[in-house]
Amino acid sequence: MATLLYVAGARPNFVKIAPLLTALSRRSGLEHVLAHTGQHYDRELSAEILGDLELPRPDHFLGVGSGSHGAQTARALAACEQLLLEVRPDLLVVAGDVNSTLAGALAAAKLGTPIVHLESGLRSFDWTMPEEINRVLTDRLSDVLLTHSPEALDNLAREGVDGSTVFLVGNTMVDSLRRFEPNARERETWRGLGLDRRGYVLVTLHRPSNVDTPAQLAAVVRALVGLAGEAEVVFPVHPRTRARLESTGAWSTLVDGGVRCLDPLGYLDFLSLQLAAGAVVTDSGGIQEEASALGVPCYTLRPNTERPITISHGTNTLIGDDPAALRDVRIPAVEPTPRVIPLWDGHAAERAADVLESFLARSLARGRAA
Ligand code: UD1
């Protein structure tokens, strides 16, 4: 019997890990332990996400909470170390690029526990992003690197990563999307909000580069109010963005300017809004991917993306970091066509599970021989 420990902490981690946990749960001889670091703890970012994804209740809550990057990562590191000593897994699974991802990987590496990194090899080449630091370091520490696009293979090869540890399996976030698309479609969350199908622009913005400096935040607010003069704009506001908007007094400017500001939404409600949106404006990584898979035009308010496949094969347009560029957002007159991106087919987790099953078989055989 081999034990896998999954460490997740922020909303997108759960969306990526859920299909892998489901796929591996169908295989025999494996025990699964799910730990929630508590990096995200608000109901919509945590409990509702777990329920929407039909994940089992985590076996461990580490209660890490918010804080500066150093403090948050350090608390997660110490808590993951304790947990690893208790559970003694044969494999640690981490996903994505959040502080909890790096903390889990670092704790495991120091204890000699093999690490799997799901969504490995993405690079924005922008070292000012906390996520870029987390990606590069987590990849460096990992023993099995699961990637979702060919660019990731090139990035890892350039960094000298041993190619025999890297596997192109596809995108498990799209596995979640395809699995829950029917439920999300049925919800028609847009209807409950009094919106017309394809009649609104869906906005999410939470990156420090867009919301942490007052000048950039003010420019974002001006641009969104301008956009609301052209189309219905719906904005589920992430807690960090809301805190910044409230502390700078910009919240009322946005609301008085006609932007429909909502509390953050659970996975199904947000997917439902994406499915029927006319266009999406975001600075999130995962939403560039989801909008591409759905064929909905996506305008990314960033100067770079670690997901160039969403531009070459999807619907993503990088509009740079000047929010004034939102004046170019358009809702197309025709219905969107979902884009075909190789291996973003809803079956990535099965391929990942095959890789992990053989990795475990090899390392258990080595352990027996030693
Ligand atoms: C984190 C990830 C980011 C990811 C995002 C997804 C890092 C470095 N960043 O950003 O890559 O795109 O999650 O949502 O790990 N807060 C709450 N309630 C919560 C969580 C956060 O109020 O449940 C507030 C707190 O004020 C906190 C702030 O949001 O300080 C930022 O939270 P944090 O987890 O540090 O980063 P995110 O911005 O959520």
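## D269 and its partners

D269 is buried in this predicted model, with a relative accessible area of 17%. The cut-off for calling a residue buried is under 20%, so D269 falls on the buried side of it. If you want to find D269 in the viewer, go to helix 13, which covers residues 267-276.

What does the D269 side chain touch? One polar contact, of 3.1 Å, runs to the side chain of R187. Another, of 2.8 Å, goes to the side chain of T189.

## Around the ligand

Now for the ligand. How many residues surround the ligand, and which are the closest? The count is 20, with Q39, H40, Y41, D42 and E131 as the closest. Three helices each put at least two residues into this shell: helix 3 (69-87), helix 5 (130-141) and helix 11 (239-248). As for where the ligand sits, the space it takes is the largest pocket.

Some of the polar atoms are worth a look one by one. On Q39, a polar side-chain atom is 2.8 Å from an oxygen atom of the ligand. E131 also uses a polar side-chain atom, and that one lies 2.5 Å from a ligand oxygen. With Y41 the atom involved is a polar backbone atom, 2.7 Å from an oxygen atom of the ligand. On its own, the ligand has 740 Å² of accessible area, and the protein covers 86% of that.

## Helix 14, end to end

Helix 14 spans residues 285-294 and is mostly covered. How many of its residues are buried? Ten of the ten are. The list takes in G285, G286, I287, Q288, E289, E290, A291, S292, A293 and L294, so you'll find polar names such as Q288 and E289 in there alongside I287 and L294.

Both ends of this helix have something to show. At the N-terminal end, S284 acts as the cap: a side-chain oxygen of S284 lies 3.2 Å from the backbone nitrogen of G286. Just past the other end comes G295, which takes a positive phi of about 85°.

## L177 and N155

L177 belongs to helix 7, residues 172-187. Is L177 buried or exposed? Buried, because its relative accessible area is 0%, against a cut-off of under 20%. The C-alpha atoms of L177 and G286 are 11 Å apart in space, while the two residues are 109 apart in sequence. G286 is the residue from the helix 14 cap, the one whose backbone nitrogen faces the S284 side-chain oxygen at 3.2 Å.

N155 sits in helix 6, residues 150-158. N155 is buried too, with a relative accessible area of 7%. Measuring up to V98, you get 57 residues along the sequence and 19 Å in space, C-alpha to C-alpha.

## Cysteines

How many disulfides are there? The count is zero, where a disulfide would need a pair of cysteine sulfur atoms within 2.5 Å. Take C261: the nearest cysteine sulfur belongs to C298 and is 19 Å away, so C261 is in no disulfide.

C80 is another cysteine to check. C80 counts as buried because its relative accessibility is just 2%, and the buried class takes anything under 20%.

Notes. Residues are numbered from 1 along each chain as its sequence is written. This is a predicted model: local features need pLDDT of at least 70, side-chain atom pairs count only at pLDDT 80 or more; totals for chains, interfaces and linings use all residues. Side-chain values use heavy atoms; hydrogens and water are left out. Buried means under 20% relative accessible area, exposed over 50%, partly exposed in between (1.4 Å probe, protein chains only). A residue is near a molecule or strand if one of its heavy atoms lies within 4 Å of it. A polar contact is a pair of N or O atoms within 3.5 Å; within protein, one must be able to donate a hydrogen and the other to accept it, and residues adjacent in sequence count only if both atoms are side-chain atoms. Accessible areas come from the Shrake-Rupley method with a 1.4 Å probe; for residues, only the protein chains shown count as cover. On a 1 Å grid over the protein atoms alone, a cavity is a set of points where a 1.4 Å probe fits but cannot get out, and a pocket is an open set with protein on both sides within 12 Å along at least five of seven lines; lining residues have an atom within 4 Å of a point. A molecule sits in a cavity or pocket if more than half of its atoms lie within 2 Å of its grid points. Helices (H or I, at least four residues) and strands (E, at least two) are DSSP runs, numbered from the N terminus.
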